[in-house]
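Here's a quick tour for anyone meeting this protein for the first time. Have a look at the model, then read on.

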Amino acid sequence: MLDIKRDILPLKNIMYRLALRITLNSQEAEDVVQDVIIKLWKQQSGGGHIDNLEAYTLRMVRNLALDRQRMKVNQTENIDGMDFSGTSSVEDTIEQDERIDSIRQAMAQLPEKQRIAMQLRDFEGRSYKEIADIMEISEDQVKVNIFRARQAIRQFIVNTF
């Protein structure tokens, strides 16, 4: 039987980061995570066996976040929690903030499969197999999506900076 405290709550931060990368809005990401936890809580009485709970949960987060994005008309681009305390001056901080915002915008423009695959691989450190399970695609498709995403971001950086 699924125990929410033991099995699901340790995944909450990973779920939040994935939802945040998809929605680009911290409040919306929190809502997605909460909705997934509620769905899992309701499913726990069903007694069905889940082979890979983490992949199953992240797939639910991905699907719900994408569904919400499709229904949402105006998309906000707000990612909180960036720390730039190591910069030396105000001008450097402003310049670095502008570069990071530009790269975020470039990532937001990537096709959703590329953006999600890149998030899971480069920011979450997931294996290709785990990403394939979460996204319900083959490992080869995961590798292609990550390659294309990195190539697009690299090209954006070369052209912009």
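## The overall layout

From the N terminus on, the elements run α-α-α-α-α-α-α-α. In other words, there are eight helices and zero strands. Keep in mind that this is a predicted model.

Of the 161 residues in the protein, 39% are buried. Now take the contacts between residues at least 6 apart in sequence: 66% of those join residues at least 24 apart.

## How H2 and H4 sit together

Let's zoom in on one pair of helices. H2 covers residues 12-23 and H4 covers residues 53-71. They pack at an angle of about 25°, and their axes are 9 Å apart. Angles under 35 degrees count as roughly parallel, so H2 is roughly parallel to H4. As for handedness, the crossing of H2 and H4 is right-handed.

Which residues make the contact? On the H2 side they are Ile14, Met15, Leu18, Ala19, Ile22 and Thr23. H4 brings Glu54, Thr57, Leu58, Val61, Arg62, Ala65, Leu66 and Gln69. Sorted by class, this contact of H2 with H4 has nine nonpolar residues, three polar ones and two charged ones.

## The nonpolar cores

The largest nonpolar core has 34 residues, and Met15 and Val36 are the ones that touch the most other members. Plenty of helices chip in: H1 (4-8), H2, H3 (26-43), H4, H6 (112-123), H7 (128-135) and H8 (139-160) each supply at least two residues of this core. The largest share, eight residues, comes from H4.

So what does Val36 touch, if you don't count residues up to four places away in sequence? Its partners are Met15, Thr57, Met60, Val61 and Leu64. Met15, Thr57 and Val61 also appear in the contact between H2 and H4. Apart from the largest core lies another one, of six residues, and its members include Ala106, Met107, Met118 and Ile153.

## A leucine in a loop

Finally, here's a residue outside the helices to look up: Leu24 lies in the loop between H2 and H3. Is Leu24 buried or exposed? Residues under 20% relative accessible area count as buried, and Leu24 has 6%, so Leu24 is buried.

Leu24 also makes a handy landmark for comparing sequence with space. Leu24 and Gln105 are 81 residues apart along the chain, and their C-alpha atoms are separated by 10.0 Å.

Key: Residues numbered from 1 in each chain as written. Predicted model: local features only at pLDDT ≥ 70, side-chain atom pairs only at ≥ 80, totals over all residues. Heavy atoms only, no water. Axes fitted to C-alpha atoms, helices over the stretch in contact; angles between N-to-C directions. Helix = DSSP H or I, 4+ residues; strand = E, 2+ residues; numbered from the N terminus. Parallel < 35°, antiparallel > 145°, perpendicular 65-115°, else oblique. Left-handed = near helix turned anticlockwise from the far one by under 90°. Contact = heavy atoms within 4.5 Å. Nonpolar A, V, L, I, M, F, W, Y, C, P; charged D, E, K, R; others polar. Core = buried A, V, L, I, M, F, W, Y, C linked by side-chain atoms within 4.5 Å. Buried < 20%, exposed > 50% of the residue type's maximum accessible area, 1.4 Å probe, protein only.
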